[in-house]
Amino acid sequence: MIHIVIVDDEADTHLLYKLKFKKFFASLGDLKLVSFLSAKDCLNYLKQDDTRPVDLIMSDINMPEMDGFELLQEVRKMHEAMPFYVVSAYESTEFRTKAESLGAQRFLSKPVDFNALNEALKTDLNLSI
């Protein structure tokens, strides 16, 4: 089972990922897709003893209370090597550089190119499709 966590303060984004991933992962078996509207809720989920290991976190950057960069820093304290994708509506060299320096595997621009995302998932999660 692949376990992916989506963090974005826009609820519509969660539905989009759910629809796109359902199709992509159909041939792979089970997918556990968990989504949160805030980075703090995501951190609380990751800290629970009964949370199964997460294969990937995808997080928006601009969110209230805690942004995606802060979330990435907190995740790195708990899980150094967990794949983490930063997603942003703002394409900038500064954001890309910061994401990379904090340990993000990928920086994705919105609207997300799901064909490119699927290829990245195949590589980063060692999926054979």
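Which residue in S5 stands opposite Val87? The partner is Leu108. This is a predicted model, and the sections below start from that pair of residues and work outwards to the sheet, the cores and the charged pairs.

## The sheet and its edges

Let's begin with the sheet as a whole. Five strands form an open sheet in the order S2-S1-S3-S4-S5, and their pairing is parallel. Two strands stand at the edges: S2, covering residues 31–36, and S5, covering residues 106–109. Each of these has a single partner strand, so one side of S2 and one side of S5 are left without a neighbour in the sheet. From one strand to the next, the twist averages 20°.

## S4, H4 and S5

Now back to the opening pair. Strand S4 spans residues 84–88 and pairs with S5 in the parallel sense, over 4 bridges. Besides Val87 facing Leu108, Val86 has Phe107 as its bridge partner in S5. Between the two strands the chain passes through H4, and this β-α-β crossover from S4 to S5 is right-handed.

Where does H4 sit once the chain has left S4? Helix H4, residues 93–102, packs on the sheet and touches both S4 and S5. The direction of H4 makes about 150° with that of S5.

## Two nonpolar cores

The largest nonpolar core has 26 residues. Within this core, the residues with the most contacts are Val5, Cys42, Ile57, Leu71, Val75 and Val86. Several elements give two or more residues to it: strands S1 (2–7), S2 and S4, together with helices H2 (39–47), H3 (68–78) and H4. Which element provides the largest share of this core? That is H2, with 5 residues.

Ile57 is a handy place to look at the packing in detail. Leaving aside residues up to four places away in sequence, Ile57 touches Val5, Val7, Cys42, Leu46, Val75, Met82, Pro83, Phe84 and Tyr85. Apart from the largest core lies another one, of 19 residues, and its members include Tyr85, Val112, Leu117 and Ala120.

## Thr13 and its contacts

Thr13 belongs to helix H1, which runs over residues 11–25. Is Thr13 buried or exposed? With a relative accessibility of 12%, Thr13 counts as buried, because the cut-off for buried is under 20%. Setting aside residues up to four places away in sequence, Thr13 touches Asp8 and Lys110. Both of those contacts come up again among the charged residues.

## Salt bridges across the chain

How many salt bridges does the structure hold? There are 7. In one of them, the side chains of Asp60 and Lys110 meet at 3.5 Å, N to O. This pair links distant parts of the chain, with Asp60 in strand S3 (residues 56–60) and Lys110 in the loop between S5 and H5, 50 residues apart. Asp60 is buried, at 6% relative accessible area, whereas Lys110 is partly exposed, at 22%.

Another salt bridge joins the side chains of Asp124 and Arg106, at 2.8 Å, N to O. Here, too, distant parts of the chain are linked: Asp124 is in helix H5 and Arg106 is in strand S5, 18 residues apart. Asp124 is partly exposed, with a relative accessible area of 23%, and Arg106 is also partly exposed, with 29%.

## Helix H5 and the shared network

Helix H5 covers residues 114–124 and contains Glu119. The side chain of Glu119 meets that of Lys122 in a salt bridge of 3.0 Å, N to O. Both residues lie in H5, 3 residues apart, which is about one turn of the helix. Glu119 counts as partly exposed, at 45% relative accessibility, and Lys122 counts as partly exposed, at 26%.

Which residues are joined into one network by salt bridges that share partners? They are Asp8, Asp60 and Lys110. Two of these names are already familiar from Thr13, which touches Asp8 and Lys110.

For a longer-range view, consider Glu119 and Tyr90, which are 29 residues apart along the chain. Their C-alpha atoms are separated by 22 Å.

Technical notes:
Residues numbered from 1 in each chain as written. Predicted model: local features only at pLDDT ≥ 70, side-chain atom pairs only at ≥ 80, totals over all residues. Heavy atoms only, no water. Buried < 20%, exposed > 50% of the residue type's maximum accessible area, 1.4 Å probe, protein only. Contact = heavy atoms within 4.5 Å. Pairing = 2+ DSSP bridges. Axes fitted to C-alpha atoms, helices over the stretch in contact; angles between N-to-C directions. Core = buried A, V, L, I, M, F, W, Y, C linked by side-chain atoms within 4.5 Å. Right-handed = clockwise from strand over helix to strand, strands pointing away. Salt bridge = Lys/Arg side-chain N within 4 Å of Asp/Glu carboxyl O.
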